[in-house]
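I opened this model today to see what could be looked up in it, and I kept notes as I went. Come along and read over my shoulder.

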Amino acid sequence: MSSILAPKLHFRRLELQGGSLDRISRRVGDLDDIFHDQRAYAALPKDKLVYEVVSSFPVPDGTEGGLFIGITYIYPGKVGDEYFMTKGHFHKIRNRAEVYVCMEGEGMLILMNEDRTRTWAEKMEPGSVHYINGFTAHRTANTGSGMLSFGACWPSDAGHDYDTISEHGFSKILVERGGVPTLVDRA
Ligand code: PAN
Ligand code: ZN
């Protein structure tokens, strides 16, 4: 007789439970090359939390055909007029897609094609589901006054390419203009 296990990912409880979980905290000091306003960035305490990621890896990293599951929690805040956001990445294996499901808060999923000619955004709200095509860089920004939490599911062989984004950035940034999140060309 097989036992019935409680789900490890629970959207309504906003948590992953049990098993071996990987936890990453990203603080202001870890994000020195992503925000455009370097003066505002320098004024923030380096140990201030910007986001946390809790991930479950049911199969070894690099396994073809498996899936990883994670929850990202982004704190509310801004660096100058730019919202707190994730580093952003392409998948190392470029054609690997991903799904995000927003659980709480307000945010924007910022997407960019591989040759950087197009950057666009999708609004995230509780329950919204986002299909991220392969070959597409992705990052999320918290545009609200509370936490932004979302679940993610991606192929276990996708890998993360952060270097391309830390070197070149996205071609547009998401800033507040008159209280409204607005994508603008980088100066
Ligand atoms: C997500 C992201 C998570 C944190 O799980 O890894 O939101 O963003 P960064 O990895 O860009 O810091 C995902 O897209 N995984 O593939
Ligand atoms: Zn990803």
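My entries follow, one topic at a time.

**Ground rules**

I am reading a predicted model, in which local features need pLDDT of at least 70 and side-chain atom pairs count only at pLDDT 80 or more, while totals for chains, interfaces and linings use all residues. Residues are numbered from 1 along each chain as its sequence is written, chains are lettered from A and ligands numbered from 1 in the order in which they are written, and side-chain values use heavy atoms, with hydrogens and water left out.

**Entry 1: the zinc ion**

Which residues coordinate the zinc ion (ligand 2)? I found His89 (NE2), His91 (NE2), Glu98 (OE) and His138 (NE2), at 2.1 to 2.3 Å. Donors here are N, O and S atoms within 2.8 Å of the metal (3.2 Å for Na, K and Ca), and sites may look incomplete because water is not among the atoms.

I looked up the spacing of the donor residues in sequence and noted H-x1-H-x6-E-x39-H. His91 sits in strand E8 (residues 90–91) and His138 in strand E13, so this pair ties together parts that are 47 residues apart in sequence. Helices (H or I, at least four residues) and strands (E, at least two) are DSSP runs, numbered from the N terminus.

Next I checked the geometry: the six donor atoms make angles of 74 to 173°, and the site is octahedral. Six donors earn that word if opposite donors are over 155 degrees apart and all others between 65 and 115. For comparison, ideal angles for six octahedral donors are 90 or 180 degrees.

Are His91 and His138 buried or exposed? Both are buried. I use buried for under 20% relative accessible area, exposed for over 50%, and partly exposed for in between (1.4 Å probe, protein chains only).

**Entry 2: ligand 1**

I counted what lies around ligand 1 and got 16 residues, the closest being Tyr51, Thr72, Tyr100, His160 and Tyr162. To be near, a residue must have one of its heavy atoms within 4 Å.

Then I looked at oxygen atoms of ligand 1 and the N or O atoms of side chains. For Tyr162 I noted 2.5 Å, for His160 2.8 Å, and for His91 3.2 Å. These are polar contacts, meaning pairs of N or O atoms within 3.5 Å; within protein, one must be able to donate a hydrogen and the other to accept it, and residues adjacent in sequence count only if both atoms are side-chain atoms. I met His91 in the previous entry too, as a zinc donor.

**Entry 3: strand E14**

Strand E14 (residues 148–155) is mostly covered, with seven of its eight residues buried. I followed its partners: E5 (residues 67–74) runs antiparallel to E14 and is joined to it by eight bridges, and E9 (residues 98–104) is also antiparallel, with five bridges to E14. Strands count as paired if DSSP finds at least two bridges between them.

On the E5 side, Ile74 stands opposite Leu148. On the E9 side, Glu104 stands opposite Ser149, and the side chains of these two are joined by a polar contact of 2.7 Å. Ser149 is buried, at a relative accessible area of 0%.

**Entry 4: a hairpin**

I moved on to E16 (residues 172–177) and E17 (residues 180–185), which run antiparallel and share six bridges. Leu174 faces Leu183 across this pair. The two strands form a hairpin with two residues between them, and Gly178 in the turn has a positive phi of about 60°.

**Entry 5: positive phi outside glycine**

Where does Phe135 lie? I found it in the loop between strand E12 (129–132) and strand E13 (136–142). Its phi is near 60°, a positive value in a residue other than glycine. Phe135 is partly exposed, at 43% relative accessibility. Leaving aside neighbours within four places in sequence, its contacts (heavy atoms within 4.5 Å) include Phe90, Arg94 and Met112. Phe135 is 44 residues from His91 in sequence, yet their C-alpha atoms are 7.5 Å apart.

Arg116 has a positive phi as well, about 65°. I placed Arg116 in the loop between strand E10 (107–113) and strand E11 (119–124), where it is partly exposed at 26%.

**Entry 6: an exposed loop residue**

Last, I looked up Asp61, in the loop between strand E4 (49–56) and E5. Asp61 is exposed, with a relative accessible area of 65%. Not counting residues up to four places away in sequence, it touches Phe68 and Ser156.

Methods
Four donors count as tetrahedral if all angles lie between 85 and 135 degrees; four count as square planar and six as octahedral if opposite donors are over 155 degrees apart and all others between 65 and 115; anything else is irregular.
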